[in-house]
Amino acid sequence: PAAFPSERFALGSEDPTLKAIEWLTPLGRGPRATITGGPRSGKTEALRRLAVALRDVEGLELSVVLAGVRPEELADWKEAGFDTTGAMTIASSGDAQAQAIDRVVDTSKRIAARGGNAVVLVDTLSYVEPRVARRLLAAARNIVDGGSLTIVATADAPVGGETTVIAL
């Protein structure tokens, strides 16, 4: 059984964007969230900054999935010190992007089922079919007497089913 998320992440960052996210949004163990905004609004940069802050939180299994990103962004994530668990450029089909995300989410679900706390960061859900994006987000949960799976993704617009929308 799943419970409502009740434990928030303490990001402890001096970054103004992360301070605003931490103060205004309930990101913690178990919710699903999307960072939305138009082109060049800073969605990817906000997600990268969040990844850096979450990397320092003890007891989290952090996975980064890049789906539908520009090839240059792959290098940016590597430069920030992240090995992506899945990576698909904009040249790949929406189905291939969804499969890459799905593999990482399935692995993270197993971590949560064993009592661990997993966080999946996805950049981006914009090119994945909306029904598939909702299904992927629906995997996030806080398991009673167990672990949790938190999913934070970027998208051009809310896809539905999120507990939190961070609009830039």
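**Figure 1. Surface and charge of the protein chain in a predicted model.** The accessible surface of the protein chain is about 8300 Å². Carbon and sulfur atoms hold 51% of that surface. The chain carries 19 positive and 21 negative side chains. The centres of these two sets lie 4 Å apart. Of the 168 residues in the chain, 48% are buried.

**Figure 2. Overall fold of the protein chain, with five helices and eight strands.** In sequence order, the helices and strands follow the pattern β-α-β-α-β-α-β-α-β-α-β-β-β. The radius of gyration is 14 Å, close to the 15 Å that the globule rule gives for 168 residues, so the chain is as compact as a globular protein of that length. The C-alpha trace spans about 40 × 35 × 30 Å along its principal axes. Among contacts with a separation of 6 or more, 72% are between residues 24 or more positions apart.

**Figure 3. Close-up of Leu18 in helix H1.** Helix H1 covers residues 16-24. Leu18 counts as buried because its relative accessibility is 2%, and buried means under 20%. Setting aside neighbours within four places in sequence, Leu18 is in contact with Leu11, Ser13, Ala46, Arg49, Leu50 and Ala53. The view also includes Leu47, which is 29 residues from Leu18 in sequence. The C-alpha atoms of Leu18 and Leu47 are 9.5 Å apart in space.

**Figure 4. Close-up of Thr36 in strand E2.** Strand E2 consists of residues 32-36. With a relative accessible area of 6%, Thr36 is buried. Residues up to four places away in sequence are not counted in the contacts of Thr36. The residues that Thr36 touches include Lys43, Ala155, Asp156, Ala157 and Pro158. Val165, Ile166, Ala167 and Leu168 are also in contact with Thr36.

**Figure 5. Close-up of Thr44 in helix H2 and its polar contact with Asp123.** Helix H2 runs over residues 43-55. Thr44 has a relative accessible area of 15% and is buried. The polar contact joins the side chain of Thr44 to the side chain of Asp123, at 2.9 Å. Apart from neighbours within four places in sequence, Thr44 is in contact with Glu73, Trp77, Asp123 and Thr154.

**Figure 6. Close-up of the cis peptide bond from Asp123 to Thr124.** Omega for this bond is near 20°. Thr124 belongs to the loop between strand E5 (117-123) and helix H5 (130-137). Asp123 is also the residue whose side chain makes a polar contact with the side chain of Thr44.

**Figure 7. Close-up of Arg40 in the loop between E2 and H2.** Arg40 is not a glycine, yet its phi is positive, at about 65°. Is Arg40 buried or exposed? Its relative accessibility is 77%, so Arg40 counts as exposed, which means over 50%.

**Figure 8. Close-up of Asp145 in the loop between strand E6 and strand E7.** Strand E6 covers residues 141-143, and strand E7 covers residues 148-155. Asp145 has a positive phi of about 55°, although this residue is not a glycine. Asp145 counts as exposed, with a relative accessibility of 84%.

How values were computed. Residues are numbered from 1 along each chain as its sequence is written. This is a predicted model: local features need pLDDT of at least 70, side-chain atom pairs count only at pLDDT 80 or more; totals for chains, interfaces and linings use all residues. Side-chain values use heavy atoms; hydrogens and water are left out. Helices (H or I, at least four residues) and strands (E, at least two) are DSSP runs, numbered from the N terminus. The radius of gyration is taken over C-alpha atoms; the globule rule is 2.2 Å times the number of residues to the power 0.38. Buried means under 20% relative accessible area, exposed over 50%, partly exposed in between (1.4 Å probe, protein chains only). Contact means heavy atoms within 4.5 Å. Accessible areas come from the Shrake-Rupley method with a 1.4 Å probe; for residues, only the protein chains shown count as cover. Lys and Arg count as positive and Asp and Glu as negative; His and the chain ends are not counted. The place of a charge is taken as NZ of Lys, CZ of Arg, CG of Asp or CD of Glu. A polar contact is a pair of N or O atoms within 3.5 Å; within protein, one must be able to donate a hydrogen and the other to accept it, and residues adjacent in sequence count only if both atoms are side-chain atoms.
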